[in-house]
Structures are given as C-alpha cells and as structure tokens.
Amino acid sequence: MLTIKAHEGIENMFYRQKFDTFIRIFDDVGYITNKSDFADRVTDASGTSFLSALSRSPQSLDTLCEKIAASFVGVTPQDVREDALAFYAMLETDGFIVSGETPEELDTKDTRFSYTALNPKTAKTDFTPQILRAKKSSQEYLEEHFKGSPRLFSFQMELTSRCNERCVHCYIPHENKISDIKPELFYEVLEQCKEMGVLSVTLSGGEPILHKNFCDFLRKAKEYDFSINILSNLTLLNDEIIAEMKANRLSSVQVSLYSMKPEIHDSITMLPGSFCKTRDNILRLIENDIPLQISCPTMKQNKNCFADVMKWAHDHKCRATTDFIMMARYDHTCSNLDNRLDLDDVGKVITDIIEGDTQYQKDILGSDFAERDQRDRSNDIVCGVCVSSICMVANGNIYPCAGWQDYICGNVQQTPLREIWENAPKVKYLRGLRKKDFPECVQCLDRGFCAMCMVRNANENPEGDPLKINPHFCKVAALNRKIVLDWRNKKKTTQ
Ligand SMILES: C[S@@+](CC[C@H](N)C(=O)[O-])C[C@H]1O[C@@H](n2cnc3c(N)ncnc32)[C@H](O)[C@@H]1O
Ligand code: SF4
Ligand code: SF4
C-alpha cells in the first residue's frame with residue numbers, strides 16, 4: 001500500500017521486470033518467478049492481462065494501461081489505471097519488478113543476485129518450509145489448473161554424455177560416455193521448448209562444458225529468455241565461459257564437490273587434480289556473483305567429509321545439499337552401488353544433518369512434526385516427472401528423469417517434443433500414476449521420512465520396473481524416522 005501512495009500524483013512511472021525474474025503466460029494463467037530468491041506467484045485471468053503487459057524493457061504506466069485495456073472489451077486505459085498501480089505495487093513489494101521515474105532509475109533499483117548481499121545459508125536452508133511451501137502452493141495450483149493437459153515447465157538436456165571424470169558412483173555407464181548433441185538438434189529442440197512455454201532449461205551431461213558449442217548454446221538459451229541451470233564439475237571452466245555465464249541470467253550452476261580433502265575428492269572422480277580445479281573454479285564463480293549450488297553426494301569414500309563441504313559452502317555463502325541414496329546405473333548394472341553407504345553410515349549422516357542444521361531442529365521440535373505426512377496422499381501425483389518436467393539425451397531420446405536414460409519415451413528426431421509430451425504412451429503412463437499405485441506406501445508409517453523414487457526403483461530392478469519398491473529405501477526411511485523421532489523425544493524430555 002505504501003508503494004501505491006508513493007505513486008500517487010506521479011503522472012507516468014516506468015516499470016519493467018527484474019533481471020532475475022521470469023514471466024510465462026499460459027492462456028488465462030500467468031506465472032512470475034524470481035530465481036534469486038525462489039519466490040513465485042500465479043495470477044488469475046484478469047491478473048494475467050496485467051502481468052503479460054510487462055517485459056524486460058521499461059514501459060510507462062500509460063503504455064502498460066493501453067496494453068491491458070486492449071485485452072478487455074469496452075475498457076479504457078483510464079479504467080484500469082488504479083488496478084494497474086495496485087497490481088504493480090504488489091509485484092514490486094514482492095521483489096519481482098522495479099519502478100521509477102526514469103529507465104536509469106530502474107537500473108539502479110534492480111539489485112541482482114550477489115554473494116555480498118546474501119546471509120550465509122546452511123545446507124538445509126534450501127529446504128526451509130517457507131520456501132517449499134511457497135513453491136508448492138504455486139506448483140499445486142498449476143498442477144490442479146492444468147490437470148488433463150499438464151504444461152512442460154522444466155526441460156533437461158544432456159549436451160554430451162562425454163566426461164573428463166570417471167566418478168565411481170556415476171549413473172552413466174562409463175562406456176556410454178561417448179556422444180555429443182548436434183548443434184542443429186539443440187537449436188531445434190530449444191525452439192520447440194520456447195514455443196511450448198518452457199520456463200527452465202537445465203544443461204547437463206556427462207560434462208556439458210566439454211561440448212565445443214557450449215557458449216553458443218548458452219547465448220541462444222538466453223535469447224529465448226529461459227531460466228537456465230547448469231550441472232557441471234567445473235574443472236574445464238575458462239574466462240570465456242565465465243563471461244558468458246555472467247552475461248546470461250543463469251539461475252544456478254550446480255557443481256559436485258565431494259570433500260575438502262583433495263585425495264578423497266579425486267578418489268571419487270578418478271581424475272587427479274580435479275579437486276583443486278573444481279574448488280578454484282567455484283571460487284571464481286563466487287567472485288563473479290554467479291549463483292552456485294554445491295552438491296555433495298555422500299558415499300563410502302567421503303562419509304566423514306560431507307560436513308566439511310557443508311561448512312566450506314556456508315562460509316562462502318553457497319547453498320549446498322547432500323544425498324546419501326545413490327541410484328544404480330541406468331543399464332541396471334549395479335556395481336556403482338558398491339560405493340553406497342551401508343545403513344550404519346546412513347544413520348551417522350542423518351544424525352550429522354540434524355546436528356548441523358538449526359532450522360531443521362526447529363522443524364523437528366514443531367508441534368505437528370510427529371504426525372509428519374501422515375495425511376492421506378493416495379491420490380497425489382508421485383512426483384513431477386512427465387507432469388512438469390522431462391529430459392533429453394544427446395541423440396534426441398526423451399526420457400522421464402535424470403538417471404533414467406533407458407526409459408525412452410520417444411525421440412525428437414522423429415517426433416516433435418510437444419507430441420511426445422502430450423501423447424507418448426510412456427509419458428501418459430507415468431503421468432497417470434498416483435501414490436496409491438504403490439500400495440505398500442499408502443499406509444506406511446515411515447512415508448513422511450521416505451525418499452522413494454521411481455528412477456531409483458527402476459534402475460535397481462533387473463526388469464526396470466519403476467513400481468517395484470527398492471527395499472533399501474524402506475530401510476533408510478525407517479532408520480530416518482527412528483533417528484529423527486528419538487532425537488525429538490530426547491530434546492522434549494530435557495526441555
Ligand atoms: C551426472 S552428473 C552431470 C553433471 C556433472 N558432470 C557433475 O558431475 O556435476 C549430475 C549429478 O549427478 C550426481 N550423480 C552421479 N551419479 C549418481 C548416482 N548414481 N546417484 C546419485 N547421484 C549421482 C553427480 O554426483 C552430480 O552431482
Ligand atoms: S558424475 Fe558427472 S563428472 Fe562424474 S563421471 Fe558422471 S557425468 Fe562425469
Ligand atoms: S518406506 Fe517403503 S513402503 Fe514406506 S513409503 Fe517408503 S518406499 Fe513406501
């Protein structure tokens with residue numbers, strides 16, 4: 001309301017969306033998201049007219065009102081002016097757009113992602129309930145709204161399966177690390193994504209920076225206004241790529257860092273010297289204010305190290321996550337799982353996670369935590385695969401989720417992406433699954449502590465069946481519940 005008052009009497013303010021903000025319009029629904037603080041909003045049909053008038057270029061209030069009025073019958077720009085002021089003031093207060101008396105003032109007010117402006121974030125800050133709840137409500141709204149014809153929001157492309165590392169746990173069989181995407185195919189599919197209104201494009205691999213057209217690909221993705229994420233080991237970063245990343249509005253670079261001890265990190269990547277390259281290039285990205293997320297999958301080799309990685313990330317104001325449930329390779333050869341933590345070690349990691357995360361501790365001590373996730377979820381979707389996201393490998397094969405490359409739903413060299421997304425039988429099958437299709441899970445007491453996942457089921461199952469629950473998850477979920485609830489009871493009795 002304050003912002004509205006500030007505008008009163010000013011004949012013509014300028015408005016534009018912020019650098020880190022993305023807008024998508026789906027018929028009568030509008031969506032705006034700010035990738036630097038994970039906020040998002042969904043608008044109803046009339047709000048969508050106000051939202052769609054905005055762009056990355058400064059526009060005067062008069063221009064915006066003219067555009068808005070044109071989308072209603074018998075309405076003048078003057079009629080919508082007051083509503084426009086209120087709507088844009090709200091978006092500005094929530095950090096999505098900037099306003100000012102001159103375009104230059106907008107540039108001054110558009111504060112972008114910067115490490116100097118961030119408070120340190122712990123591993124778990126990513127998963128604070130506020131952020132999850134905020135994302136979830138928009139996501140749930142959109143899922144509900146588009147029921148029957150889901151929209152593709154996130155598309156992941158493996159630019160190359162080649163890699164300069166040979167990580168012991170990698171879900172891509174090493175002998176399959178051989179193909180690059182052809183540039184024509186990349187550009188063609190990117191255009192199809194643009195036409196389908198895709199919001200976020202993830203460039204992964206193998207090691208995506210190995211592709212000789214990596215910078216050209218980034219430029220094109222920026223031209224199409226995608227929110228871009230990159231998954232990389234960063235060992236091959238150079239000045240040209242940093243400059244391109246800086247110019248691009250990257251939403252995040254996710255980098256794998258397994259230990260702060262060079263010999264342990266290198267024993268996982270099997271590439272001598274990789275630790276120093278990855279760490280130094282993380283520091284270069286931080287210097288350049290490029291948003292980073294450190295991923296530290298925990299396995300036998302680094303089971304005592306992940307807390308050091310979390311601390312280092314925290315000290316450098318980087319987000320960081322760990323994952324102790326490794327998936328099998330997508331060709332169902334499971335020898336990479338020899339590196340997976342056994343249950344005792346998983347227990348130690350879970351305990352360390354609790355001890356190292358004060359926000360998580362507060363959640364656990366919350367009044368409703370003991371009943372966590374015990375509500376009936378039998379009609380909920382299983383996850384976002386084929387509901388809002390899908391992936392592609394270098395040869396154009398479309399598959400549901402990272403690591404599930406052998407579940408081929410179609411190929412974009414033969415069939416347009418939209419056709420695969422809307423009609424491919426495997427996509428429709430996965431989209432139609434609900435929690436109740438996993439009968440063991442419906443009444444399971446451990447379900448609130450479980451990371452059951454279809455690709456993990458499928459890869460570890462010789463027939464590749466995503467519905468065959470992997471017993472490892474059940475053991476981890478039961479252990480997770482026990483450790484968390486024991487910790488809670490102990491704290492409650494000493495409080
Ligand atoms: C496949 S890599 C591709 C991007 C890049 N080469 C990298 O390593 O960051 C993406 C992420 O998947 C993780 N990953 C690889 N194999 C995995 C497995 N079997 N289970 C869980 N995560 C795995 C890696 O540690 C990395 O964080
Ligand atoms: S995890 Fe990434 S860096 Fe390691 S081998 Fe696999 S693709 Fe390469
Ligand atoms: S613990 Fe097992 S049965 Fe229970 S929800 Fe998880 S996967 Fe399903």
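**Asking how the strands, helices and ligand shells are described**

Me: What stands opposite Q17 in β6?
Reply: The residue opposite Q17 in β6 is I97. Please keep in mind that this model is predicted.

Me: What makes β1 and β6 a pair?
Reply: Two strands pair if DSSP finds at least two bridges between them. Strand β1 (residues 14-17) and β6 have 4 bridges, in the antiparallel sense, so they count as a pair.

Me: Which strands are called edge strands in the sheet with β1, and why?
Reply: The open sheet has 3 strands in the order β5-β1-β6, paired antiparallel. The edge strands are β5 (59-60) and β6 (97-100), as each pairs on one side only.

Me: How do you know which strands helix α4 touches?
Reply: Contact means heavy atoms within 4.5 Å. By that test, helix α4 (residues 77-93) packs on the sheet and touches β1 and β6, with its direction at about 120° to that of β6.

Me: How are the strands arranged in the sheet that holds β3?
Reply: That open sheet has 3 strands, ordered β2-β3-β4, with antiparallel pairing. Its edges are β2 (21-26) and β4 (39-43), and the twist averages 15° from one strand to the next.

Me: What makes β3 and β4 a pair?
Reply: The cut-off is at least two bridges. Strand β3 (residues 29-34) and β4 have 5 bridges in the antiparallel sense, so the pairing holds. Within it, I32 has R41 in β4 as its bridge partner.

Me: Which strands does α2 lie across?
Reply: Helix α2 lies across β2, β3 and β4, and runs at about 55° to β3.

Me: Why is α2 called parallel, antiparallel, perpendicular or oblique to α3?
Reply: The axes of helix α2 (residues 45-53) and helix α3 (residues 61-70) cross at roughly 140° and come within 9 Å. That angle makes α2 oblique to α3: roughly perpendicular is 65 to 115 degrees, and roughly antiparallel is over 145. The crossing is right-handed.

Me: Which residues of α2 and α3 meet?
Reply: From α2 come S49, F50 and A53, and from α3 come L64, K67 and I68. They divide into 4 nonpolar, 1 polar and 1 charged.

Me: What makes a residue part of the shell around ligand 3?
Reply: One of its heavy atoms must lie within 4 Å of the ligand. Residues around ligand 3 include E440, C441, R447 and C474. Helices α17 (439-442) and α19 (471-494) each give two or more residues to this shell, which divides into 7 nonpolar, no polar and 2 charged.

Definitions and conventions
Residues numbered from 1 in each chain as written. Chains lettered and ligands numbered in written order. Predicted model: local features only at pLDDT ≥ 70, side-chain atom pairs only at ≥ 80, totals over all residues. Heavy atoms only, no water. Axes fitted to C-alpha atoms, helices over the stretch in contact; angles between N-to-C directions. Parallel < 35°, antiparallel > 145°, perpendicular 65-115°, else oblique. Left-handed = near helix turned anticlockwise from the far one by under 90°. Nonpolar A, V, L, I, M, F, W, Y, C, P; charged D, E, K, R; others polar.
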